[in-house]
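Let's take a walk through this fold, one piece at a time. Keep the viewer open and follow along.

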Amino acid sequence: MTTSPTRPLPAAQLRVPTDEDAHAWHRAFDDPDVMEFLGGPAELSLYEEFTARQRLHDARLGYCLWTVLDEEGAVIGFTGAQPWPREDWGPVGEIEIGWRLARPAWGRGYAHAAALATLDRVREAGVPHVVAMIDARNARSVAVAERLGMTLAEEFTSPRGNPGLRYALDLRTR
């Protein structure tokens with residue numbers, strides 16, 4: 001199922017990640033298709049640290065990578081914003097938005113719906129603009145960025161040697 005202008009987006013709920021969400025994210029993302037452009041599936045400990053860091057971001061900044069729940073309340077992934085996590089390359093000092101969903105949630109409009117909610121929340125938190133760093137081969141993520149009204153700001157090569165795209169969106173004009 002795909003979304004269209006005539007089909008409403010699904011109701012994606014966002015919440016600050018819990019300790020239990022580390023396990024849910026690990027299960028949702030323990031899939032080579034989901035992690036194809038992100039270096040492959042990761043260990044549970046990465047998600048334990050990741051969800052803890054997101055709780056700190058939410059407490060300090062008012063935004064984070066939130067857990068996405070479907071209409072039944074099941075964890076299907078995350079979306080949100082965080083300061084770019086690297087100091088050695090990329091948009092250092094920028095706020096990056098991102099999304100990652102479990103394979104069964106793909107193509108149903110959840111990424112777009114949750115990313116729209118993210119834009120509203122970060123705008124309310126006073127963030128003036130955001131970027132999305134996307135592997136150029138990831139057509140699904142590129143499509144989400146473009147549906148959000150983001151524009152291509154830069155093409156680059158990642159430290160792993162992969163082609164990348166930096167999309168940008170000024171939140172003051174939307």
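Start at the hairpin of S6 and S7: five residues sit between the two strands, and glycine 161 there takes a positive phi near 90°. Before going on, some housekeeping. This is a predicted model, in which local features need pLDDT of at least 70 and side-chain atom pairs count only at pLDDT 80 or more, while totals for chains, interfaces and linings use all residues. Residues are numbered from 1 along each chain as its sequence is written, and side-chain values use heavy atoms, with hydrogens and water left out. Helices (H or I, at least four residues) and strands (E, at least two) are DSSP runs, numbered from the N terminus.

Back to the hairpin. Strand S6 (residues 151–157) runs antiparallel to S7, and six bridges join them; two strands count as paired if DSSP finds at least two bridges between them. Phenylalanine 156 has glycine 164 of S7 opposite. S7 (residues 163–170) also pairs with strand S5 (residues 129–135), again in the antiparallel sense, over seven bridges. One spot to click on is valine 130, whose bridge partner in S7 is leucine 169.

Now hop over to strand S4 (residues 95–101). Seven of its seven residues are buried, so the strand is largely enclosed by the rest of the structure. Buried here means under 20% relative accessible area, exposed means over 50%, and partly exposed is in between (1.4 Å probe, protein chains only). Ile95, Ile97, Trp99 and Leu101 point one way from S4, while Glu96, Gly98 and Arg100 point the other way. Strand S3 (residues 75–83) pairs with S4 in the antiparallel sense over seven bridges, and threonine 79 stands opposite tryptophan 99.

What does tryptophan 99 touch, leaving aside its neighbours within four places in sequence? Its contacts (heavy atoms within 4.5 Å) include Phe78, Thr79, Ala111, Ala115, Ala132 and Leu148. Tryptophan 99 also shows up in the largest nonpolar core, which has 46 residues; Ile97, Trp99, Val130 and Met150 touch the most other members. Helix H3 (residues 110–124) gives the most to this core, with seven residues. A nonpolar core, for the record, is a set of buried Ala, Val, Leu, Ile, Met, Phe, Trp, Tyr and Cys residues joined through side-chain atoms within 4.5 Å.

Between S4 and H3 there is a loop, and proline 104 is found in it. With a relative accessible area of 68%, proline 104 is exposed. From proline 104 to proline 163 is 59 residues in sequence and 27 Å in space, C-alpha to C-alpha.

Last stop: helix H2. At 1.5 Å a residue, its 18 residues should span 26 Å (the expected span is 1.5 Å times one less than the number of residues), and the end C-alpha atoms are 25 Å apart, which agrees. Which residues of H2 are buried? They are Tyr47, Phe50, Thr51, Gln54 and His57. Seen down the axis, these fall within an arc of 115°, so they line one face of the helix; the arc is that of the directions from the helix axis to the C-beta atoms. That set packs against helix H1 (19–29), strand S2 (65–69), S3 and S4, whereas Ala59 and Arg60, on the other side of H2, are exposed.

Zoom in on threonine 51, which counts as buried at 0% relative accessibility. Leaving aside neighbours within four places in sequence, threonine 51 is in contact with Pro17, Thr18, Asp21, Ala22 and Trp25. Just after H2, glycine 62 takes a positive phi of about 90°.
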